[in-house]
Amino acid sequence: MAEQYQVSGQTAAEISASIESGVVRGDWVFGAALPPVRVLAGALHVSPATVAKAYQELRQRGVVETEGRRGTRIRSRPPVAPPRSVVRLAVPDGVLDLSAGEPDLRLLPPLGPALRALADQVGPARGYASAVTMPELIEVARPRLLAEGVPVADAAIAVTASTLDSMERLLAAHLRPGDAVAVEDPGWANLLDLIAALGLRPLPVAVDQEGPEPESLAGALRAGARAVVITVRAQNPTGAAVGAARAVALRELLGKHPEVLLVEDDHAAELSLEPPHCVGPVTRWWAFVRSASKPFGPDLRIAVLAGDETSIARVVGRMRLGMGWVSTLSQRLLLQLWRDGEVTELVAEAARSYAARRIALIGLLRAQGVPAYGASGINVWVPVPDETHAVAALRDAGYAVAAGALFRVSSPPGIRITVSPLDEPDLPALAAAVAAAARPTARGALMR
């Protein structure tokens, strides 16, 4: 073992704590391989069973993952807080960062006018007893969602801190460690890390540009999935959007599994030009979550959660025992933004801008024989034969992109390109660099 990766301990608990402390200090680079069980056992003079148990404890807490021949490695986002400097690899000066998956900060609506208007409206401070999901927000959210075809006429509605916060509370309310969750593959990296941290098992579901493939989802359900997470549009990382016909097929399939928890993710919300074709409610347990972070800014930590009465009651009840509630100041700010016609037009213009950049980049790549996908949202997915080579080659060419390994369970390799930082003049040079880095075969590395 390298000196900076020294592990200590004589029991499984001590060994796992030593490794976790190394992650917190930043000694372990994310993705770094832990020593093989027998090698570490020999170095510590303990039995291989002791080290194997330590690794198992770390897997159950989501700190590490086991990848067959690649051995046991530190997860890309373990549920411990490392130094900020090692959370993400630094992007060198002069390299355009297309890896973050964040909205274009230039297109976010200014919050200053809404905050000033809010300052004039806020009355006396609210007490603990009255600090809940504001009825005024529900009154606006329900018709807003219904107008887009989201079936929330009879749904319970609450407010959470984010999409991921909603998912964590829903999964914890319905599932127990060891239960399986059907997830899109490739899919949202943060969700995969959350599932690991909760001690749940991901069951991969293949995705095409119409959303989850029914046959693949059927296989996950047969394998015992107790929950299913579907992104209705702007799927991360592929940009897939569930089409009307695909929604019908998924609805028919899930209707045969009434006890499965169905969670539908609409994180892009108003930033997607495509309408949300919802699959639920078709099971006993169903939830739809819409975040405000993408259209209005990541700093607005708030999401609207709708679903069956029991699921929402469990989420709200658990919140009361922990964080309590989402600040009513944040709720009032979202309400103010929703009611502002100028903000609505700014968000609509941002959606059109993202679509234009995404479509143009995909067209340029396909013209050069490179398969590229992105039916909606801010990301483009490019299948590649070798992720490491493609990421390194693009960095050398001046572009930082996200390696597909962050998003994959068992699907083929690829890279994710976020179009947010791009301007139209940037696209031809980027497309040429991606074509050189991808080096597609004659048939191309097609998505399933």
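The exercises below, with worked solutions, concern a predicted model. Local features need pLDDT of at least 70, side-chain atom pairs count only at pLDDT 80 or more, and totals for chains, interfaces and linings use all residues. Residues are numbered from 1 along each chain as its sequence is written, and side-chain values use heavy atoms, with hydrogens and water left out.

**Exercise 1.** Classify the packing of helix H1 against helix H3.

Solution. Helices (H or I, at least four residues) and strands (E, at least two) are DSSP runs, numbered from the N terminus.
- Step 1: H1 covers residues 12-25 and H3 covers residues 48-60; their axes are 8 Å apart, at an angle of about 50°. Axes are lines fitted to C-alpha atoms, for helices over the stretch in contact, and angles run from 0 to 180 degrees between N-to-C directions.
- Step 2: Angles under 35 degrees count as roughly parallel, over 145 as roughly antiparallel, 65 to 115 as roughly perpendicular and the rest as oblique. H1 and H3 are therefore oblique.
- Step 3: On the H1 side, Ala12, Ala13, Ile15, Ser16, Ile19 and Glu20 make the contact (heavy atoms within 4.5 Å). Their partners in H3 include Val51, Tyr55 and Leu58.

**Exercise 2.** Place valine 382 in the nonpolar core and list its contacts.

Solution. A nonpolar core is a set of buried Ala, Val, Leu, Ile, Met, Phe, Trp, Tyr and Cys residues joined through side-chain atoms within 4.5 Å; buried means under 20% relative accessible area, exposed over 50%, partly exposed in between (1.4 Å probe, protein chains only).
- Step 1: The largest such core has 103 residues, and Leu361 and Val382 have the most contacts inside it.
- Step 2: Helix H15 (residues 427-438) gives the most to this core, eight residues.
- Step 3: With neighbours within four places in sequence set aside, valine 382 touches Leu365, Val370, Pro371, Ala372, Gly414, Ile415, Ile417 and Val434.

**Exercise 3.** Two residues other than glycine, histidine 45 and alanine 234, have positive phi. Is each buried or exposed?

Solution. Most residues other than glycine have a negative phi.
- Step 1: Histidine 45, with phi of about 60°, is in the loop between helix H2 (37-44) and H3. Its relative accessibility is 70%, so histidine 45 counts as exposed.
- Step 2: Alanine 234, with phi near 55°, lies in the loop between strand S8 (225-231) and helix H9 (244-254). Its relative accessibility is 4%, so alanine 234 counts as buried.
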